[in-house]
Structures are given as structure tokens and as C-alpha cells.
Amino acid sequence: ALTIPQQPCFLVGKSSSATQNNIAVDTNVTVTFDTETIDANADFASNTFTAPVTGKYFLTTSIRINGDSAANYYYAQIVASNRTIGSIFDPDFGQDFIYWTITVSTVMDMDANDTAYVRIHQAGGSQQADINNSETWTYFSGYLIA
């Protein structure tokens with residue numbers, strides 16, 4: 001076993017006052033994170049992870065949406081310097097849904113000083129969807145794997 005204290009690793013979430021209410025429609029909205037549970041190398045700031053060294057990073061996010069079933073679709077993405085990875089769903093439930101969680105995970109090749117952040121997009125519908133403020137449901141995390 002080996003423990004490296006400055007190994008890049010972070011886990012961020014939203015505090016109880018950080019709900020993003022009524023997110024914009026037909027716009028890419030950056031998901032904000034105001035609570036750092038882990039930031040082992042101080043690589044996370046202003047809603048963005050910056051890779052301190054070149055390598056392969058495991059990145060994952062989960063976003064809880066209190067949404068609008070009139071939306072055509074929602075997609076969540078991890079946006080990095082080299083590529084964007086996402087997940088999409090159609091909320092045609094016949095009524096507004098109380099909550100839905102979108103999760104995206106990937107292994108991302110990153111060079112030193114490359115960045116990654118999370119965004120969400122609601123296509124169509126009305127401006128009433130919220131991004132939940134619980135660190136249990138809405139978070140972004142990552143760590144260097146190789």
C-alpha cells in the first residue's frame with residue numbers, strides 16, 4: 001500500500017444554500033460547487049478542476065434536477081480541454097418530475113494545466129428546473145489514476 005498526500009484528488013458539492021434555481025433554457029449552464037470535501041492538491045477552484053500533471057484522470061459527476069417534463073431533453077456533461085463526455089435523457093413523464101439524477105463518469109486524458117468542469121443543458125420547456133443543493137445528490141469528483 002502506498003499513500004501519496006499530494007496525489008490529485010477532489011470531491012466537491014453544493015451546500016444547503018447553493019441551489020441553482022430556474023436554470024436557463026436552451027443554454028449551457030455551468031454547475032456551481034461551493035463545498036470542497038476533498039481537495040488534496042488544491043487543484044479545484046471556481047467550479048473547475050485543473051490538472052497539475054499530465055496523466056489519466058477518473059472524473060465523475062452526479063446532478064440532481066428538480067425538473068420540467070415539458071423539456072425536450074436534458075444533457076449533463078463533463079467538459080475538459082481535450083473532449084466533452086455526456087449523458088442525455090428525455091423527461092417525457094406526462095407531468096413535472098420531482099427529481100431526476102444524471103450521472104456522467106469517464107477516464108479523461110489530461111495534460112498539465114488542462115481543465116474540467118460540469119455543465120447542464122435543458123432543451124425547450126420552461127425555465128423552472130432547479131439543480132439540487134445537496135452534496136449527496138449533486139457532486140463532482142476526480143483523481144489521477146495513471
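This report describes selected residues, contacts and surface features of one predicted model.

The model is predicted, so local features are given only at pLDDT of at least 70 and side-chain atom pairs only at pLDDT 80 or more, while totals for chains, interfaces and linings use all residues. Residues are numbered from 1 along each chain as its sequence is written, and side-chain values use heavy atoms, with hydrogens and water left out.

## Nonpolar core

In soluble globular proteins, nonpolar side chains tend to be buried together. Here a nonpolar core is a set of buried Ala, Val, Leu, Ile, Met, Phe, Trp, Tyr and Cys residues joined through side-chain atoms within 4.5 Å. The largest such core has 31 residues, and the members that touch the most others are L59, I65, I120 and F140. At least two residues of this core come from each of β1 (9–13), β6, β7 (73–80), β9 (100–110), β10 (115–123) and β12. Strands are DSSP runs (E, at least two residues), numbered from the N terminus.

What does I120 touch beyond its neighbours within four places in sequence? Its partners are I23, T27, N28, V29, V31, I63, I65, Y75, A76, I102 and I131, where contact means heavy atoms within 4.5 Å.

## T60 and T106

T60 sits in strand β6, residues 55–66. Its relative accessibility is 9%, so T60 counts as buried; buried means under 20% relative accessible area, exposed over 50%, and partly exposed in between (1.4 Å probe, protein chains only). Not counting residues up to four places away in sequence, T60 touches I78, T103, V104, S105, Y139, F140 and S141. With S105 there is also a polar contact, side chain to side chain, at 2.6 Å. The term covers a pair of N or O atoms within 3.5 Å; within protein, one must be able to donate a hydrogen and the other to accept it, and residues adjacent in sequence count only if both atoms are side-chain atoms. From C-alpha to C-alpha, T60 and N21 are 23 Å apart in space and 39 residues apart in sequence.

T106 belongs to strand β9 and is buried at 11% relative accessibility. Leaving aside neighbours within four places in sequence, T106 is in contact with Y57, F58, L59, I78 and I85.

## Salt bridge

Side chains of opposite charge can pair when their charged atoms come close. A salt bridge is taken as a side-chain nitrogen of Lys or Arg within 4 Å of a carboxyl oxygen of Asp or Glu, and by this rule the count is one. The side chains of D109 and R83 form a salt bridge with an N to O distance of 3.0 Å. Because D109 is in strand β9 and R83 in the loop between β7 and β8 (84–89), the pair ties together parts that are 26 residues apart in sequence. D109 is partly exposed at 35% relative accessibility, and R83 is partly exposed with a relative accessible area of 35%.

## Loops and surface

N47 lies in the loop between β4 (44–45) and β5 (48–50). Is N47 buried or exposed? N47 is buried, with a relative accessible area of 18%. A polar atom of the N47 side chain is 2.7 Å from the backbone nitrogen of F33. Not counting residues up to four places away in sequence, N47 touches T30, V31, T32, F33, A116 and Y117.

Two residues other than glycine with positive phi are tabulated below.

| Residue | Phi | Loop | Relative accessible area |
|---|---|---|---|
| D26 | near 60° | between β1 and β2 (28–30) | 51%, exposed |
| A42 | near 55° | between β3 (35–39) and β4 | 63%, exposed |

A45 lies in strand β4 and is partly exposed, with a relative accessible area of 48%. A45 and T84 are 39 residues apart in sequence and 19 Å apart in space, C-alpha to C-alpha.

V107, Y143 and I145 make a nonpolar surface patch of about 260 Å². Patches are made of residues with over 30% relative accessible area and no salt bridge, with like charges joined within 9 Å and nonpolar side chains (Val, Leu, Ile, Met, Phe, Trp, Tyr) within 5 Å. Accessible areas come from the Shrake-Rupley method with a 1.4 Å probe, and for residues only the protein chains shown count as cover. Y143, in strand β12 (residues 139–144), is partly exposed with a relative accessible area of 39%.

Definitions and conventions. Helix = DSSP H or I, 4+ residues; strand = E, 2+ residues; numbered from the N terminus.
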